[in-house]
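Biologist: Could you walk me through this fold and its contacts? I'd like to start with the charged side chains and then move on to the sheet and the core.

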Amino acid sequence: MTDVTWSDEAIADLEAIDDYWMSYSEERAEQIAERIERAAAFLATMPHAGPAIRRADARKWRVTQTMYILIYRVLDQQIDILRIHHGREDWQVEP
């Protein structure tokens with residue numbers, strides 16, 4: 001199994017997502033956070049599951065039953081979660 005690390009930006013994204021959903025429902029916020037964490041854990045077991053994106057070193061993975069996408073990078077024994085974006089955001093403009 002590969003280790004998963006979260007960039008500062010991804011942590012900030014997760015906190016913003018949690019804050020947003022907490023204003024509607026604590027239960028829904030917890031569900032979404034859990035699904036995001038499960039998606040990252042899955043990528044630790046199947047690092048190349050997501051398709052490559054424009055950034056040659058990055059891939060994407062849609063979080064099940066949400067509109068969120070994990071942008072991540074595969075290193076030797078590590079998955080770096082770079083960002084978490086809503087699927088309707090223009091997330092593809094990142095360098």
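**Salt bridges, sheet and core**

Modeller: The side chains of Asp80 and Arg73 meet in a salt bridge, 3.3 Å from N to O; a salt bridge here is a side-chain nitrogen of Lys or Arg within 4 Å of a carboxyl oxygen of Asp or Glu. Bear in mind that this is a predicted model, where local features need pLDDT of at least 70, side-chain atom pairs count only at pLDDT 80 or more, and totals for chains, interfaces and linings use all residues. Residues are numbered from 1 along each chain as its sequence is written, and side-chain values use heavy atoms, with hydrogens and water left out.

Biologist: Which residues are linked with Asp80 in a network of salt bridges?

Modeller: Start from the two side chains: Asp80 is buried, at 10% relative accessible area, while Arg73 is partly exposed, at 23%. Those words follow cut-offs: buried is under 20% relative accessible area, exposed is over 50%, and partly exposed lies in between (1.4 Å probe, protein chains only). The network links Asp80 with Arg73 and Asp57.

Biologist: How far apart are the closest N and O atoms of Asp13 and Arg83?

Modeller: This pair links distant parts of the chain, with Asp13 in helix α1 and Arg83 in strand β4, 70 residues apart. Helices (H or I, at least four residues) and strands (E, at least two) are DSSP runs, numbered from the N terminus. Asp13 is buried at 11% relative accessible area, whereas Arg83 is partly exposed at 23%. In their salt bridge, the closest N and O atoms are separated by 2.7 Å.

Biologist: And which residue forms a salt bridge with Arg38?

Modeller: Look along helix α2, where the two partners lie four residues apart, about one turn of the helix. The closest N and O atoms are 2.9 Å apart. The partner is partly exposed, with 45% relative accessibility, and it is Glu34.

Biologist: On to the sheet: what is the order of its four strands?

Modeller: Two strands count as paired if DSSP finds at least two bridges between them. β1 (residues 3–6) and β4 pair in the parallel sense over four bridges, and β3 pairs with β4 in the antiparallel sense over eight. The edge strands, each pairing on one side only, are β1 and β2 (59–62). The sheet is open, its pairing is mixed, and the order is β1-β4-β3-β2.

Biologist: Which residue of β4 is the bridge partner of Val4, and which one stands opposite Leu70?

Modeller: Both answers sit in β4, on its two pairings. For the parallel pairing of β1 and β4, the partner of Val4 is Ile79. For the antiparallel pairing of β3 and β4, Leu70 stands opposite Ile84.

Biologist: Is Gln77 buried or exposed?

Modeller: A hairpin joins β3 to β4 through two residues, and Gln77 is found in that loop. Its C-alpha atom is 13 Å from that of Ala41, 36 residues away along the chain. With a relative accessibility of 56%, Gln77 is exposed.

Biologist: What angle does the direction of α2 make with that of β3?

Modeller: Axes are lines fitted to C-alpha atoms, for helices over the stretch in contact, and angles run from 0 to 180 degrees between N-to-C directions; contact means heavy atoms within 4.5 Å. α1 lies across β1, β3 and β4, at about 40° to β4. α2 packs on the sheet and touches β1, β2, β3 and β4, and its direction makes an angle with that of β3 of about 25°.

Biologist: Which element gives the most residues to the largest nonpolar core?

Modeller: A nonpolar core is a set of buried Ala, Val, Leu, Ile, Met, Phe, Trp, Tyr and Cys residues joined through side-chain atoms within 4.5 Å. The largest one has 15 residues, of which Ile36, Leu70, Ile81 and Ile84 touch the most other members. The elements giving two or more residues are α1 (8–22), α2 (26–45), β3 (68–75) and β4 (78–86). With five residues, the top contributor is α2.
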